[in-house]
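User: Could you walk me through this structure with some questions and answers? I am new to this, so small steps would help.

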Amino acid sequence: MTMHAPAIEMAPWADQASRDDAAYRAQIAYLFRNSAFYRDRLRNAGFATPEDAGGLDAITALPFTEKDDLRATRDEAHPIGTHLAAPMSDIVRVYSTSGTTGAPSFIPLTRSDLEDWIEISQRSYAASGVVAGERMVSTYNAGPFVAGVTLDAFARLGLCHIPVGAGNTERLMAAVQLLKPTVLGCTPSYALHLAEWAADRGIDTAASSVARILVAGEPGGGEPAMRARLQEAWGASVTEAMGIGDISVSLWGECPHRDGMHFSGRGLVHFELIDPETGTTVAIQDGAEGELVYTHLRHRAAPLLRFRSRDRVRITTTPCACGRTAPRVRCIGRTDDLLIVRGVNVFPTAIREVVGDFGDAVSGVISVRPRAKGVKQAPPLPVRVELAEGVAGGQELADRLRQRIRDKLVVTTDIELVPWGTLPRSDYKSKLVDWSAAT
């Protein structure tokens, strides 16, 4: 079993908080000295000194940090924001977000920050079972975005990395056919699109050299139906990874036992689980669900404290045969994608998972089309479900889909079956909600 840092990854999890306490206290002191944003924020919350903030066991008393809090501090004089805690002369790399919902956010790293990110990513990706010498083709948008750290991590792991990037389907498939990689790295929705694209052109992806697919960038790789579909289409095993750009590009990685993603940030990042609606702490125990909240433990450029990820997960704490002891997660969905239908919380990914259970009758691609703007929706919730190629569908299938969603998610839907190929595919992250019809 491949393990990048066995002494860390196999250490007793029960001792982790006590081992992290000293680093956490030092990080808080660093914030008071160097981060104007957190110095003001903590003092306004009643913590006048680092000692007032206490240790890791008292972290839940400190305020959360939201993306909008950071955006609000950016101006011409502070393009990164007032949470920048290191001089620009110490910054060796600056990544950015895509800026799809406004101006991009800049994410700076010092040399030690970059090394920590590479270390975390090596733990995460090594968990999948990749070994030095393997060839890996990837579609991660590495350039200006934090996914670029994966290039460093893959090199450190000894992989022969073939970066193609998003939007180059023909080039990627040519690399698969000519260079014979054993590993493919991309989003789950793009892996599905690639298999469909290849099938349309008479290319048998199941007969290709690809033996392992590492999916990341969006929920879906852990959905049983999606995973089964990908594994059948490619004849390859599928494991997933997850991170968040503001904290670290990859914080969780799944081993070949495929029972959730192991936490890979031990000693460098602390995570909590909260109720996304109330903000109250949820105990880390088997089966617990909640939103992940992260705190850097030894970051320098722009450290974050109790940063809300908006990723809703389910926790697994039972022992894993691989020997890693940290909790594992399965991402349920993004809390900022949540829709509330007559008081019922509904994640679009959950609808896709239920639809995926219908196997060969559907393609696995869906589109939720809210009628009204905003989180709250009146039933029935319109959902377009794409049929599998060559399947005619019909009212009986639509009724079964509607009933299954009702039984599992307690939400009433209006199912519209559409022919195969109708709904858009993405060469990066899929969008499950189409707001174009909302008024």
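User: In which loop is Arg258 found?

Analyst: This is a predicted model, and here is a good place to start. Arg258 has a positive phi of about 50° although it is not a glycine. Most residues other than glycine have a negative phi. Arg258 is found in the loop between strand 8 and strand 9 (261-263).

User: Is Arg258 buried, partly exposed or exposed?

Analyst: Buried means under 20% relative accessible area and exposed means over 50%. The relative accessibility of Arg258 is 32%, so Arg258 counts as partly exposed.

User: What is the relative accessibility of Lys180?

Analyst: Lys180 is another residue other than glycine with a positive phi, near 55°. Lys180 lies in the loop between helix 8 (169-179) and strand 5 (183-186). Lys180 counts as partly exposed because its relative accessibility is 45%.

User: What is omega for the peptide bond from Pro379 to Pro380?

Analyst: Let us place the bond first: Pro380 is found in the loop between strand 17 and strand 18 (381-387). Most peptide bonds are trans. The bond from Pro379 to Pro380 is cis, with omega near -5°.

User: Which strands stand at the edges of the sheet of 11 strands?

Analyst: Start with the strand order in this open sheet, 4-3-5-6-7-8-9-13-12-11-10, where the pairing is mixed. An edge strand has a single partner strand, so one side of it is left without a neighbour in the sheet. The edge strands here are strand 4 and strand 10 (269-274).

User: Which residue is the bridge partner of Tyr294?

Analyst: Strands of a sheet pair through backbone hydrogen bonds, either parallel or antiparallel. Strand 11 (residues 289-296) and strand 12 (residues 307-316) pair in the antiparallel sense over 5 bridges. In strand 12, the partner of Tyr294 is Phe307.

User: Which residue in strand 17 stands opposite Val341?

Analyst: Now we turn to an open sheet of 3 strands, in the order 15-14-17. Its edge strands are strand 15 (344-346) and strand 17 (376-377). Strand 14 (residues 339-341) pairs with strand 17 in the parallel sense over 2 bridges. In strand 17, the residue opposite Val341 is Gln377.

User: How many residues in the contact of helix 9 with helix 10 are charged?

Analyst: The axes of helix 9 (residues 188-200) and helix 10 (residues 224-234) come within 10 Å and cross at roughly 40°, and the crossing is left-handed. Among the residues that meet are Leu192 and Leu194 in helix 9, with Met226 and Arg229 in helix 10. The contact residues divide into 9 nonpolar, no polar and, for the charged group, 1.

User: Why are the buried residues of helix 3 on the same side?

Analyst: In helix 3 (residues 36-44), the buried residues are Phe37, Tyr38 and Leu42. They are on the same side of helix 3 because they cover an arc of only 110° around the axis. The helices they pack against are helix 2 (16-34) and helix 5 (67-71). In short, the value that puts them on the same side is an arc of only 110°.

User: Which residue with a positive phi follows helix 7?

Analyst: Helix 7 (residues 148-156) has buried residues including Val149, Ala153 and Phe154. The elements that its buried residues pack against include helix 6 (111-126) and strand 1 (91-96). After helix 7 comes a residue whose phi is positive, near 85°: Gly158.

Methods: Residues numbered from 1 in each chain as written. Predicted model: local features only at pLDDT ≥ 70, side-chain atom pairs only at ≥ 80, totals over all residues. Heavy atoms only, no water. Axes fitted to C-alpha atoms, helices over the stretch in contact; angles between N-to-C directions. Helix = DSSP H or I, 4+ residues; strand = E, 2+ residues; numbered from the N terminus. Left-handed = near helix turned anticlockwise from the far one by under 90°. Contact = heavy atoms within 4.5 Å. Nonpolar A, V, L, I, M, F, W, Y, C, P; charged D, E, K, R; others polar. Buried < 20%, exposed > 50% of the residue type's maximum accessible area, 1.4 Å probe, protein only. Arc of directions from axis to C-beta. Pairing = 2+ DSSP bridges.
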